[in-house]
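Open your viewer and get ready to click along. This short tour tells you what to select next and what you will find there.

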Amino acid sequence: MNFVKGMDLSTLAELEKCGAKYYDNGEEKDLLEIMKSYDVDTIRIRVWNDPWSEAGESYGAGENDPKTSLEIAKRVTKAGFGVLLNLHYSDFWADPGKQIIPKDWQGMEPIALAGAVYDFTFSVMNTLADSGLLPAITAVGNELSNGLLWPFGRTPNFENIVLFLNAG
């Protein structure tokens with residue numbers, strides 16, 4: 001039986017821009033080299049729709065729009081890792097306490113939201129495929145125990161939850 005041994009490196013580019021350095025037993029090394037030496041085989045990369053405020057200010061935590069996520073995917077794939085792509089369908093963290101509809105999708109009804117989910121997923125996956133970077137695993141949504149794309153996809157609105165997940 002094969003097991004995935006992975007970690008989330010969605011903030012890799014941002015941390016390196018901030019000057020982060022990585023060490024193993026006191027020796028500075030490339031983070032991906034360190035992870036390989038500990039048998040990590042898969043890297044999780046989250047994807048947010050538009051992680052900047054209306055004023056253009058970053059929400060932080062990696063700025064993982066599709067372009068940034070693609071750059072990280074290129075780097076980790078080149079280093080020999082598989083990719084777990086996690087589509088949040090939100091402009092920032094989606095979790096059991098918040099599943100906020102992206103700014104560009106505000107005001108849409110469920111059928112239109114499902115279309116937006118499909119289009120976003122198709123665009124991200126096509127971009128990855130065109131770059132030769134299809135992920136090993138794709139997570140449709142993030143931490144969905146209370147649904148996604150609230151209020152329409154919030155439990156107990158299971159018909160909409162299924163609609164959105166199938167669109168992804």
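We start with the whole chain, go on to its core, and finish in some loops.

**Stop 1: the whole chain**

Show the chain as a cartoon, and keep in mind that this is a predicted model. You should be able to pick out five helices and six strands. Colour the cartoon from the N terminus onwards, and the elements follow the order β-α-β-β-α-β-α-β-α-β-α. The chain has a radius of gyration of 17 Å, close to the 15 Å that the globule rule gives for 168 residues, so it is as compact as a globular protein of that length. Turn the model around: along its principal axes, the C-alpha trace spans about 55 × 45 × 30 Å.

How much of the contact network joins residues 24 or more positions apart? Among contacts with a separation of 6 or more, such pairs account for 68%.

**Stop 2: the surface**

Now switch on the surface. Its accessible area comes to about 9,000 Å², and carbon and sulfur atoms hold 55% of that. Next, colour the charged residues: the chain has 14 positive and 24 negative charges, and the mean positions of the two groups are 5 Å apart. Hide the surface again to look inside, since buried residues make up 39% of the 168 in the chain.

**Stop 3: the nonpolar core**

Select V76, Y89, W105 and L149. In the largest nonpolar core, which has 35 residues, these four touch the most other members. Then add the elements that give two or more residues to this core: α2 (31–37), β4 (42–47), α3 (66–78), β5 (82–87), α4 (110–130) and α5 (158–167). Which element gives the largest share? That is α4, with seven residues.

Stay with L149 and show its side chain. Leaving out residues up to four places away in sequence, L149 touches Y89, Q99, I101, P102, W105, V117 and F164. Notice that Y89 and W105 appear here again, having been picked out with L149 as residues that touch the most other core members.

**Stop 4: two cis peptide bonds**

Move to the loop between β6 (137–140) and α5, where you will find P151. The peptide bond that joins W150 and P151 is cis, with omega about 5°. P156 also lies in the loop between β6 and α5. Here the bond from T155 to P156 is cis, and its omega is near 10°.

**Stop 5: from D95 to E143**

Select D95, in the loop between β5 and α4. If you draw a distance line from D95 to P151, their C-alpha atoms are separated by 14 Å, with the two positions 56 residues apart along the chain. What does D95 contact, apart from its neighbours within four places in sequence? The partners are N142 and E143.

Click on E143 next; this residue sits in the loop between β6 and α5. E143 has a positive phi of about 50°, although it is not a glycine. Is E143 buried or partly exposed? Its relative accessibility is 45%, so E143 counts as partly exposed.

**Stop 6: D39**

Finally, go to the loop between α2 and β4 and select D39. D39 is not a glycine either, yet its phi is positive, at about 65°. With a relative accessibility of 54%, D39 counts as exposed, because the cut-off for that class is over 50%.

Technical notes: Residues are numbered from 1 along each chain as its sequence is written. This is a predicted model: local features need pLDDT of at least 70, side-chain atom pairs count only at pLDDT 80 or more; totals for chains, interfaces and linings use all residues. Side-chain values use heavy atoms; hydrogens and water are left out. Helices (H or I, at least four residues) and strands (E, at least two) are DSSP runs, numbered from the N terminus. The radius of gyration is taken over C-alpha atoms; the globule rule is 2.2 Å times the number of residues to the power 0.38. Buried means under 20% relative accessible area, exposed over 50%, partly exposed in between (1.4 Å probe, protein chains only). Contact means heavy atoms within 4.5 Å. Accessible areas come from the Shrake-Rupley method with a 1.4 Å probe; for residues, only the protein chains shown count as cover. Lys and Arg count as positive and Asp and Glu as negative; His and the chain ends are not counted. The place of a charge is taken as NZ of Lys, CZ of Arg, CG of Asp or CD of Glu. A nonpolar core is a set of buried Ala, Val, Leu, Ile, Met, Phe, Trp, Tyr and Cys residues joined through side-chain atoms within 4.5 Å.
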